[in-house]
Amino acid sequence: MSASDLLAAIPLFSKLSKRDLGQLARATHETDYETGTVLASAGEPGRFFFVIVEGEARVDVNGEPVRTLGPGDYFGEMALIDRRPRSATVTTTSPMRCLVLTQIEFRPFATEQPDVAWALLEAMVQRVRDIES
Ligand code: CMP
(Lines give C-alpha, C1' and ligand atoms only; values in the text may rest on other atoms or scores of the structure.)
Protein backbone atom coordinates (compact mmCIF):
# COMPACT_ATOMS: atom_id res chain seq x y z
CA MET A 1 0.00 0.00 0.00
CA SER A 2 1.33 3.48 -0.83
CA ALA A 3 2.02 6.07 1.89
CA SER A 4 -0.89 8.11 0.45
CA ASP A 5 -3.31 5.17 0.88
CA LEU A 6 -2.00 4.51 4.39
CA LEU A 7 -2.52 8.17 5.34
CA ALA A 8 -6.02 8.26 3.82
CA ALA A 9 -7.03 5.43 6.19
CA ILE A 10 -5.89 7.42 9.27
CA PRO A 11 -8.84 9.32 10.84
CA LEU A 12 -6.67 12.42 11.50
CA PHE A 13 -6.10 12.82 7.76
CA SER A 14 -9.41 11.44 6.44
CA LYS A 15 -10.68 14.83 5.20
CA LEU A 16 -7.59 15.73 3.19
CA SER A 17 -7.79 15.98 -0.59
CA LYS A 18 -5.84 13.54 -2.75
CA ARG A 19 -3.40 16.33 -3.56
CA ASP A 20 -2.78 17.13 0.12
CA LEU A 21 -2.45 13.43 0.95
CA GLY A 22 0.19 13.14 -1.76
CA GLN A 23 2.04 16.16 -0.39
CA LEU A 24 1.88 14.71 3.13
CA ALA A 25 3.00 11.29 1.90
CA ARG A 26 6.10 12.83 0.33
CA ALA A 27 6.94 14.51 3.64
CA THR A 28 6.57 11.39 5.81
CA HIS A 29 9.20 8.75 6.45
CA GLU A 30 8.06 5.15 6.94
CA THR A 31 10.06 3.63 9.78
CA ASP A 32 10.06 0.24 11.57
CA TYR A 33 10.81 -0.15 15.28
CA GLU A 34 11.49 -3.17 17.46
CA THR A 35 9.50 -4.05 20.58
CA GLY A 36 10.65 -1.97 23.56
CA THR A 37 11.78 1.08 21.59
CA VAL A 38 11.24 4.36 23.44
CA LEU A 39 9.91 6.78 20.82
CA ALA A 40 9.13 9.68 23.16
CA SER A 41 10.70 10.25 26.54
CA ALA A 42 8.94 12.38 29.19
CA GLY A 43 10.87 15.55 29.95
CA GLU A 44 13.06 15.29 26.85
CA PRO A 45 12.80 17.49 23.77
CA GLY A 46 10.70 16.12 20.92
CA ARG A 47 11.35 16.52 17.23
CA PHE A 48 9.07 13.93 15.62
CA PHE A 49 5.35 13.24 15.15
CA PHE A 50 4.37 9.58 14.71
CA VAL A 51 1.36 7.97 13.02
CA ILE A 52 1.03 4.24 13.76
CA VAL A 53 0.53 2.02 10.73
CA GLU A 54 1.11 -1.35 12.45
CA GLY A 55 1.80 -2.44 16.02
CA GLU A 56 1.14 -1.08 19.48
CA ALA A 57 2.72 1.28 21.99
CA ARG A 58 2.14 2.17 25.63
CA VAL A 59 1.85 5.74 26.92
CA ASP A 60 3.22 6.25 30.45
CA VAL A 61 2.58 9.44 32.42
CA ASN A 62 4.48 9.82 35.69
CA GLY A 63 5.57 6.21 35.33
CA GLU A 64 1.98 4.92 35.12
CA PRO A 65 0.47 3.42 31.94
CA VAL A 66 -2.43 5.61 30.74
CA ARG A 67 -3.19 4.40 27.25
CA THR A 68 -2.38 1.79 24.61
CA LEU A 69 -2.00 3.14 21.08
CA GLY A 70 -2.53 1.10 17.91
CA PRO A 71 -2.93 1.40 14.15
CA GLY A 72 -4.47 4.75 13.14
CA ASP A 73 -3.43 6.44 16.38
CA TYR A 74 -0.79 9.16 16.51
CA PHE A 75 1.45 10.65 19.19
CA GLY A 76 4.20 13.19 19.71
CA GLU A 77 2.15 16.22 18.68
CA MET A 78 2.21 17.98 22.07
CA ALA A 79 5.92 18.84 22.22
CA LEU A 80 5.80 19.97 18.60
CA ILE A 81 2.81 22.24 19.22
CA ASP A 82 4.08 24.07 22.33
CA ARG A 83 7.83 23.43 21.89
CA ARG A 84 8.05 22.15 25.46
CA PRO A 85 9.44 18.76 26.61
CA ARG A 86 7.59 15.50 25.92
CA SER A 87 4.60 15.11 28.28
CA ALA A 88 4.76 11.31 28.44
CA THR A 89 6.93 8.33 27.57
CA VAL A 90 5.81 6.24 24.61
CA THR A 91 7.30 2.73 24.25
CA THR A 92 6.54 0.15 21.57
CA THR A 93 5.01 -3.06 22.98
CA SER A 94 5.27 -4.94 19.66
CA PRO A 95 7.17 -4.46 16.43
CA MET A 96 5.83 -1.21 15.03
CA ARG A 97 5.66 0.57 11.69
CA CYS A 98 5.10 4.34 11.75
CA LEU A 99 4.85 7.22 9.35
CA VAL A 100 7.06 9.91 10.86
CA LEU A 101 7.02 13.66 10.31
CA THR A 102 9.74 15.98 11.57
CA GLN A 103 8.80 19.15 13.43
CA ILE A 104 9.68 21.22 10.35
CA GLU A 105 7.18 19.22 8.28
CA PHE A 106 4.49 18.87 10.96
CA ARG A 107 4.02 22.53 11.86
CA PRO A 108 3.14 23.99 8.46
CA PHE A 109 0.96 20.98 7.75
CA ALA A 110 -1.05 21.39 10.96
CA THR A 111 -1.40 25.16 10.55
CA GLU A 112 -2.32 25.09 6.84
CA GLN A 113 -4.92 22.31 7.14
CA PRO A 114 -7.88 23.40 9.30
CA ASP A 115 -9.38 19.89 9.35
CA VAL A 116 -6.14 18.43 10.69
CA ALA A 117 -5.81 21.22 13.27
CA TRP A 118 -9.44 20.66 14.33
CA ALA A 119 -8.93 16.89 14.67
CA LEU A 120 -5.85 17.51 16.81
CA LEU A 121 -7.95 19.87 18.97
CA GLU A 122 -10.75 17.31 19.34
CA ALA A 123 -8.27 14.69 20.55
CA MET A 124 -6.77 17.16 23.00
CA VAL A 125 -10.24 18.10 24.35
CA GLN A 126 -11.03 14.41 24.82
CA ARG A 127 -7.82 14.01 26.80
CA VAL A 128 -8.78 16.91 29.09
CA ARG A 129 -12.25 15.39 29.58
CA ASP A 130 -10.72 12.00 30.42
CA ILE A 131 -8.51 13.64 33.05
CA GLU A 132 -11.44 15.54 34.57
CA SER A 133 -13.92 12.64 34.69
P1 CMP B 1 4.34 14.55 23.37
O2 CMP B 1 4.20 15.24 24.68
O3 CMP B 1 5.03 15.27 22.29
O4 CMP B 1 5.08 13.15 23.62
C5 CMP B 1 4.40 12.15 24.36
C6 CMP B 1 3.07 11.89 23.69
O7 CMP B 1 2.22 10.98 24.35
C8 CMP B 1 2.25 13.19 23.66
O9 CMP B 1 2.90 14.13 22.83
C10 CMP B 1 0.93 12.66 23.23
O11 CMP B 1 0.91 12.39 21.84
C12 CMP B 1 0.89 11.33 24.00
N13 CMP B 1 0.13 11.48 25.26
C14 CMP B 1 0.43 12.24 26.32
N15 CMP B 1 -0.50 12.11 27.29
C16 CMP B 1 -1.40 11.24 26.83
C17 CMP B 1 -2.62 10.68 27.35
N18 CMP B 1 -3.06 10.99 28.57
N19 CMP B 1 -3.30 9.83 26.56
C20 CMP B 1 -2.85 9.49 25.34
N21 CMP B 1 -1.73 9.97 24.80
C22 CMP B 1 -1.02 10.83 25.53
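**Exercise 1. Find which element gives the most to the shell around the ligand, and work out what else makes up that shell.**

*Solution.* Begin with the elements: α3 contributes three residues to the shell around the ligand, and that is the most any element gives. Keep in mind as you go that this is a predicted model.

Next, look at the whole shell. The ligand is surrounded by 14 residues, and the closest of them are Gly 76, Glu 77, Ala 79, Arg 86 and Ser 87.

Then sort the shell by class: eight of its residues are nonpolar, two are polar and four are charged.

**Exercise 2. Which polar atoms of Gly 76, Glu 77 and Arg 86 lie close enough to ligand oxygens to count as polar contacts?**

*Solution.* The cut-off you need is 3.5 Å between N or O atoms. Now take the three residues in turn.

- Gly 76 uses its backbone: a polar atom there is 2.9 Å from an oxygen atom of the ligand.
- Glu 77 uses its side chain, with a polar atom 2.6 Å from a ligand oxygen.
- Arg 86 also offers a polar side-chain atom, and the distance to an oxygen atom of the ligand is 2.7 Å.

As a last step, ask how much of the ligand is covered. On its own the ligand has 460 Å² of accessible area, and the protein covers 92% of this.

**Exercise 3. Locate the ligand among the pockets, then describe the pocket that holds it.**

*Solution.* Start with the location: the ligand sits in the largest pocket. Two elements, β5 (64-69) and α3 (77-82), give two or more residues to the shell around the ligand.

Now turn to the pocket itself. The largest pocket holds about 930 Å³ of space. Its lining has 35 residues, with Arg 67, Tyr 74, Glu 77, Ala 123 and Arg 127 nearest the centre. Two or more lining residues come from each of β4 (57-61), β5, β6 (74-75), α3 and α5 (114-132).

Which element supplies the largest share of this lining? Here it is α5, with twelve residues.

Finish with the classes: 21 nonpolar, five polar and nine charged residues line the largest pocket.

**Exercise 4. Describe the second largest pocket by volume, lining and class.**

*Solution.* First, the volume: the second largest pocket comes to about 190 Å³.

Second, the elements: α3, α4 (103-112) and α5 each provide at least two residues of its lining. Among the lining residues are Leu 80, Ile 81, Phe 106, Arg 107, Thr 111 and Met 124.

Third, the classes: eight of the residues lining this pocket are nonpolar, one is polar and one is charged.

**Exercise 5. How many cavities of 30 Å³ or more are there, and what lines the largest cavity?**

*Solution.* Count first: there is one cavity of 30 Å³ or more. The volume of the largest cavity is about 30 Å³.

Then list the walls. The largest cavity is lined by Leu 12, Phe 13, Phe 49, Leu 101, Phe 106, Phe 109, Ala 110 and Val 116. From α4 come three of these residues, the largest share.

Is the lining polar or nonpolar? The eight residues are nonpolar, with no polar and no charged ones.

To close, compare the lists: Phe 106 and Ala 110 line the largest cavity, and Phe 106 and Ala 110 also line the second largest pocket.

How values were computed. Residues numbered from 1 in each chain as written. Predicted model: local features only at pLDDT ≥ 70, side-chain atom pairs only at ≥ 80, totals over all residues. Heavy atoms only, no water. Near = heavy atom within 4 Å. Polar contact = N/O pair within 3.5 Å; in protein donor to acceptor, adjacent residues only side chain to side chain. Areas by Shrake-Rupley, 256 points an atom, 1.4 Å probe, with all protein chains shown as cover. 1 Å grid on protein atoms, 1.4 Å probe; cavity = no way out; pocket = protein on both sides within 12 Å on 5 of 7 lines; lining within 4 Å. Sits in = over half its atoms within 2 Å of the grid points. Helix = DSSP H or I, 4+ residues; strand = E, 2+ residues; numbered from the N terminus. Nonpolar A, V, L, I, M, F, W, Y, C, P; charged D, E, K, R; others polar. Points joined across faces, edges and corners; volume = space filled by probe spheres on them.
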